[in-house]
Amino acid sequence: MSATARPQVSALSSSRIRDIANAGMGRTDISAFWFGEGDEVTPLFIREAAQKALSEGETFYVHNLGLPELRNAIAAYESKLQNIVSKPEQIAVTGSGVSALMIANQLIVSPGDKVVVVTPIWPNIAEAPRLLGAEVTRFALTVSNGKWSLDLDRFLDILTADTRMVIINAPNNPTGFTLDQHVQKTILDHCRKLGIWVLTDEVYERLIFDGSAAAPSMLRNATPEDRIIRVNSFSKSWRMTGWRLGWLTLPLALMPDVPKVIEYNTSCAPSFIQKGGQAALNDPRGEETIAALKSGLAASRETLNSGLAQMGRIENPDADGAMYAFFRIEGAPDDMETARTLVADYGLGLAPGSAFGPEGAGWLRWCFAAPPNKIADGLERLERFIKR
Ligand SMILES: Cc1ncc(COP(=O)(O)O)c(C=O)c1O
């Protein structure tokens, strides 16, 4: 008998972004935009809060659900931001958004369950239920009038009574697609009627470019009894990717089971890391960080979108949120080949669209969390490729 993993593990896709990025690793001449993070370090006041906790000896196990002070801070933060009533007892702190997603899946999904995922999508979202043996049905966004959009009637048609859970990520990675509150309400009403769980990944809620403080949360339309779980993270809003800190907002009825699942994953998020998260939420410099991040992203987004528009042979649908352009180049239908050539011959690192599922084939993702001058340099490289 061979020493191999169970079939669900062997069936997981490996990361196509990694396939491209690994080819460029170690080269100093690459202008890289393939990963979903910026170049800037976490703000000092957040690092100092964690350092202080470490210096004071916060090196012990803490509560499965997180430090009470942090759960209070998260509930207050999201209640104010989204104009909802979120209670500390509904919050579970997790060791990253990725872990929050997996824990939510472990709470709800059994082998054989039907899980519907809106695509193209950041791979972890579709792979987590598959790892648990669920059957994942993909529902593709389409481009209409220069924007990614969801065909609501067709979508509701596939959310049938035998669906255990639907997973939606908006603002979306990779397309930047966002959901308006009316559509959210229609989806939630439908799921409520059929008893379908809704898992809403809102880690990009602050990265929205219409002037509002946050993209609307699905929780705005929810009642306390609803089967809805929200995933969030400190990574994107406060530039804390390497910290691995996130949270879940869950229905109260689910809470007795949540500590058990966290116990068998990580037991708890590290205490000193949580202190960094607490500073991000409680210190006024947290909101200043987000404001600066957003204005930097808005400038880079403008540079990128106008540069792509000027090149002519590019289709780049408008994206309301997140930090990516998801575009395609006329005459370059194979995204893996294009991404490989861009790295090898032009030193430009982009993520291939098929990393986000078959619906993304032919597209490329460019993370614009970079200064405008770096974006401009990348645009020059792309232009050379297009004019080759
Ligand atoms: C849609 C989405 N959800 C969740 C995450 C997870 O973030 P983290 O694990 O860094 O908290 C990411 C990271 O790229 C993401 O794009």
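In what order do the four strands of the open sheet with antiparallel pairing lie? The answer comes from a predicted model, and in that model the order reads S11-S12-S15-S14. Strand S11, covering residues 314–315, and strand S14, covering residues 351–352, form the edges of this sheet, since each of them pairs on one side only. At the S14 edge, the partner is strand S15, made up of residues 364–367, which runs antiparallel to S14 and is joined to it by two bridges. Within this pairing, proline 352 is the residue that stands opposite leucine 364 of S15.

From this sheet one may step back to the protein chain as a whole, whose secondary structure comes to 13 helices and 15 strands. The chain has a radius of gyration of 21 Å, close to the 21 Å that the globule rule gives for 388 residues, and it is therefore as compact as a globular protein of that length. Taken along the principal axes, the box filled by the C-alpha atoms is roughly 60 × 55 × 50 Å. Of the 388 residues in the chain, 48% are buried, and among the contacts with a separation of 6 or more, 74% are accounted for by residues 24 or more positions apart.

The ligand offers another point of orientation, and the question there is which residues are the closest of those that surround it. The surroundings consist of 13 residues, of which Ser96, Gly97, Val98, Ser233 and Ser235 are the closest. Sorted by class, the shell around the ligand contains nine polar residues, three nonpolar residues and one charged residue.

Notes: Residues are numbered from 1 along each chain as its sequence is written. This is a predicted model: local features need pLDDT of at least 70, side-chain atom pairs count only at pLDDT 80 or more; totals for chains, interfaces and linings use all residues. The radius of gyration is taken over C-alpha atoms; the globule rule is 2.2 Å times the number of residues to the power 0.38. A residue is buried if 20 or more other C-beta atoms lie within 10 Å of its own, exposed if 12 or fewer, and partly exposed in between; C-beta atoms are placed from the backbone. Two residues are in contact if their C-beta atoms, placed from the backbone, lie within 7 Å. Two strands pair if DSSP finds at least two bridges between them. A residue is near a molecule or strand if its C-beta atom, placed from the backbone, lies within 6 Å of it. Ala, Val, Leu, Ile, Met, Phe, Trp, Tyr, Cys and Pro count as nonpolar, Asp, Glu, Lys and Arg as charged, and the others, Gly among them, as polar.
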